[in-house]
Amino acid sequence: MKGFWSGIGVVTEQSRFDWARHWRRVLVRGLAIGIGGLMWVATPAIAASTLTMPIQEGAALFSMNCVACHIHGQNLIIPEKNLHYETLRTYGMYSADAIMWQVRHGKNIMPAFGDQFSPEQLEAIAAYVMDQAQQDWKTTSD
Ligand code: HEC
C-alpha cells in the first residue's frame with residue numbers, strides 16, 4: 001500500500017512539474033511573439049522617419065516651441081482651436097501657408113515667433129502639424 005500511495009505522489013508531482021514547464025513555454029512563446037510584433041510595428045516607423053527628415057525636424061521644433069500649449073495636438077488655452085484635422089479644416093488652417101503665417105505672426109494669445117525659424121524650419125513645422133493631424137496625433141512623441 002505504501003508503494004501505491006507514493007506511486008500516486010510521484011504521478012501528481014510529475015504532472016505538476018509538467019504544467020509549470022508548459023506554462024513557462026507558453027509565456028516564453030508569448031514574449032517572443034510580443035517582441036516580434038513590436039519590431040514589426042517599429043520598423044516601418046523607423047524607415048519612414050529616415051525618409052522624411054523635414055517632418056522629423058518639425059517634430060523636434062514642435063516639441064521645443066509648441067507643446068506648452070499644443071500637447072498632443074490640443075489647445076490648452078482655447079480648447080476648440082486645437083490642431084486636429086477637422087478643426088484645422090474648419091478654420092482654414094489645414095495648409096502649410098496658413099500654419100507658417102500664423103507661427104510667424106501669432107494670433108490673439110498665440111505668440112508671434114517672427115523670424116525665429118528659417119523658412120525651411122517653418123515648412124518642417126507645418127508639415128509635422130499636418131502629418132500629425134492626419135494621424136489624429138497618434139504617433140506624436142509629445
Ligand atoms: C502660448 C501658447 C501657444 C504656443 C506656445 C503656441 N500656440 Fe498655437 N495657438 C495658441 C492659441 C491660443 C491658438 C488659438 C488662436 C486663436 O485663433 O485665437 C493657437 C492656434 C494655433 C493654430 C490654429 C488652430 C486652429 O484650429 O485654428 C495652429 C496651426 C497653431 N496654433 C500652431 C502652433 C505652432 C506650430 C506652434 C509652435 C511653433 C504654436 N502654435 C505655439 C496658443 C499657442
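Here is a short dialogue about a predicted model of a protein with a ligand.

In this predicted model, local features need pLDDT of at least 70, side-chain atom pairs count only at pLDDT 80 or more, and totals for chains, interfaces and linings use all residues. Residues are numbered from 1 along each chain as its sequence is written.

Student: How many helices and strands does the protein have?

Tutor: Helices (H or I, at least four residues) and strands (E, at least two) are DSSP runs, numbered from the N terminus. Along the sequence the pattern reads α-α-α-α-α-α. The count is six helices and zero strands.

Student: Which element gives the most to the largest nonpolar core?

Tutor: A nonpolar core is a set of buried Ala, Val, Leu, Ile, Met, Phe, Trp, Tyr and Cys residues joined through C-beta atoms within 7 Å. The largest one has 16 residues, with Phe 62 and Ile 99 among those with the most contacts inside. Two or more residues come from each of α2 (53-65), α5 (96-105) and α6 (119-134). The top giver, with eight residues, is α6.

Student: What span does α6 reach from its first C-alpha to its last?

Tutor: The expected span is 1.5 Å times one less than the number of residues. α6 has 16 residues, and 22 Å is expected. The model comes close to that, at 23 Å.

Student: Is Met 110 buried, exposed or partly exposed?

Tutor: Met 110 sits in the loop between α5 and α6. A residue is buried if 20 or more other C-beta atoms lie within 10 Å of its own, exposed if 12 or fewer, and partly exposed in between; C-beta atoms are placed from the backbone. Met 110 has 17 such atoms within 10 Å, so the class is partly exposed.

Student: How do the residues of the shell around the ligand divide?

Tutor: A residue is near the ligand if its C-beta atom, placed from the backbone, lies within 6 Å of it. By that rule 26 residues surround the ligand, and Met 110 is one of the closest. Ala, Val, Leu, Ile, Met, Phe, Trp, Tyr, Cys and Pro count as nonpolar, Asp, Glu, Lys and Arg as charged, and the others, Gly among them, as polar. The split is 17 nonpolar, seven polar and two charged.

Student: Which residues does Phe 62 touch, not counting residues up to four places away in sequence?

Tutor: Two residues are in contact if their C-beta atoms, placed from the backbone, lie within 7 Å. With those up to four places away left out, Phe 62 touches Val 67, Ile 125, Tyr 128 and Asp 142.
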